[in-house]
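Before accepting any label attached to a structural model, one may ask which value stands behind it and which cut-off that value is set against. The questions below follow that habit.

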Amino acid sequence: QVQFVESGGGLVQPGGSLRLSCAASGIIFRIYTMGWYRQAPGKQRELVATINSGGSTNFADSVKGRFTISRDNAKKTVYLQMNSLKPEDTAVYYCNGQPGNFWGQGTQVTVSS
């Protein structure tokens, strides 16, 4: 059974940092391209960042220079380090794995003073 479990979300002030984690099970993690997506209220889900099996990364323009994505294949976990957070980063953040288009349940990130 494939399962992705996100953690690390919460409430943070503008300019603050959070690190999201996504622990995967039921897949050969090391061959997967892993990604983070987010969905704000009333908006479509959008790509935040991806990392492929070779460690190459891709970021949405809105988060370049502020967010980093990394993976630990031994722990079957992908991370999203978010720095210099802005109120517009507020959303539910989802972990995604390809192939198979598997999704986690999401974790809420709220950036507010």
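Strands here are DSSP runs of E of at least two residues, numbered from the N terminus. The model is predicted, and serine 84 has its place in the loop between strand S8 (77-82) and S9.

Q: What makes the backbone of serine 84 worth noting, and is the residue buried or exposed, or partly exposed?
A: The phi angle of serine 84 is near 50 degrees, a positive value in a residue other than glycine. With a relative accessibility of 41%, serine 84 falls between the limits of 20% and 50% and therefore counts as partly exposed.

Q: What is the phi angle of asparagine 101, and where does this residue lie?
A: Asparagine 101 also has a positive phi in a residue other than glycine, near 55 degrees, and its position is in the loop between S9 and S10. Its relative accessible area of 42% lies between 20% and 50%, so asparagine 101 is called partly exposed.

Q: Which peptide bond is cis, and what is its omega?
A: The bond that joins glutamine 98 and proline 99 is cis, with omega about 10 degrees. Proline 99 belongs to the loop between S9 and strand S10 (102-103).

Q: Why are cysteine 22 and cysteine 95 called a disulfide?
A: Their sulfur atoms are 2.1 Å apart, and the cut-off for a disulfide is 2.5 Å, so the pair qualifies. The search of the whole structure finds one disulfide. Because cysteine 22 lies in strand S3 (residues 18-25) and cysteine 95 in strand S9 (residues 91-98), the pair ties together parts that are 73 residues apart in sequence.

Q: Why is this disulfide of cysteine 22 and cysteine 95 called left-handed?
A: The torsion about the S-S bond is about -80 degrees, and the disulfide is therefore left-handed.

Q: How do you know whether cysteine 22 and cysteine 95 are buried or exposed?
A: Cysteine 22 has 0% relative accessibility, which is under the 20% limit, so it counts as buried. Cysteine 95, with a relative accessible area of 0%, is buried by that limit as well.

Q: Why are the rings of tyrosine 37 and tryptophan 103 called an edge-to-face pair?
A: The search finds three aromatic pairs in the whole structure. In one of them, tyrosine 37 and tryptophan 103 have ring centres 5.1 Å apart, within the limit of 6.5 Å, and planes at 70 degrees, over the limit of 60, so the pair is edge-to-face. The pair links distant parts of the chain, with tyrosine 37 in strand S4 (residues 33-39) and tryptophan 103 in strand S10, 66 residues apart.

Q: What makes tyrosine 94 and tryptophan 103 an edge-to-face pair?
A: Their ring centres are 6.4 Å apart, which is within 6.5 Å, and their planes stand at 85 degrees, which is over 60, so this pair is edge-to-face. Ring pairs thus link Tyr37, Tyr94 and Trp103 into a cluster. Within that cluster, tyrosine 94 is buried because its relative accessible area of 14% is under 20%, whereas tryptophan 103, at 32%, counts as partly exposed.

Q: Where does the charged end of arginine 45 sit?
A: The charged end of arginine 45 sits over the ring of tyrosine 94, 3.7 Å from its centre, and over the ring of tryptophan 103, 4.6 Å from its centre. Both distances are within the 6 Å that the term allows.

Q: Why is the contact of glutamate 46 with arginine 38 called a salt bridge?
A: Side chains of opposite charge can pair when their charged atoms come close. For glutamate 46 and arginine 38 the N to O distance is 2.7 Å, and the cut-off is 4 Å, so the contact meets the rule. Glutamate 46 is partly exposed, with a relative accessible area of 36%, while arginine 38 is buried, at 6%.

Q: How do you know that aspartate 89 and arginine 66 form a salt bridge?
A: Their closest N and O atoms are 2.7 Å apart, within the limit of 4 Å. The pair links distant parts of the chain, since aspartate 89 is in the loop between S8 and S9 and arginine 66 in the loop between strand S6 (57-59) and strand S7 (67-72), 23 residues apart. Both aspartate 89 and arginine 66 are buried, and salt bridges that share partners join Arg38, Glu46, Arg66 and Asp89 into one network.

Note on methods. Residues numbered from 1 in each chain as written. Predicted model: local features only at pLDDT ≥ 70, side-chain atom pairs only at ≥ 80, totals over all residues. Heavy atoms only, no water. Helix = DSSP H or I, 4+ residues; strand = E, 2+ residues; numbered from the N terminus. Buried < 20%, exposed > 50% of the residue type's maximum accessible area, 1.4 Å probe, protein only. Phe/Tyr/Trp six-rings, centres within 6.5 Å; stacked < 30°, edge-to-face > 60°. Lys NZ or Arg CZ within 6 Å of the ring centre and 35° of its normal. Salt bridge = Lys/Arg side-chain N within 4 Å of Asp/Glu carboxyl O.
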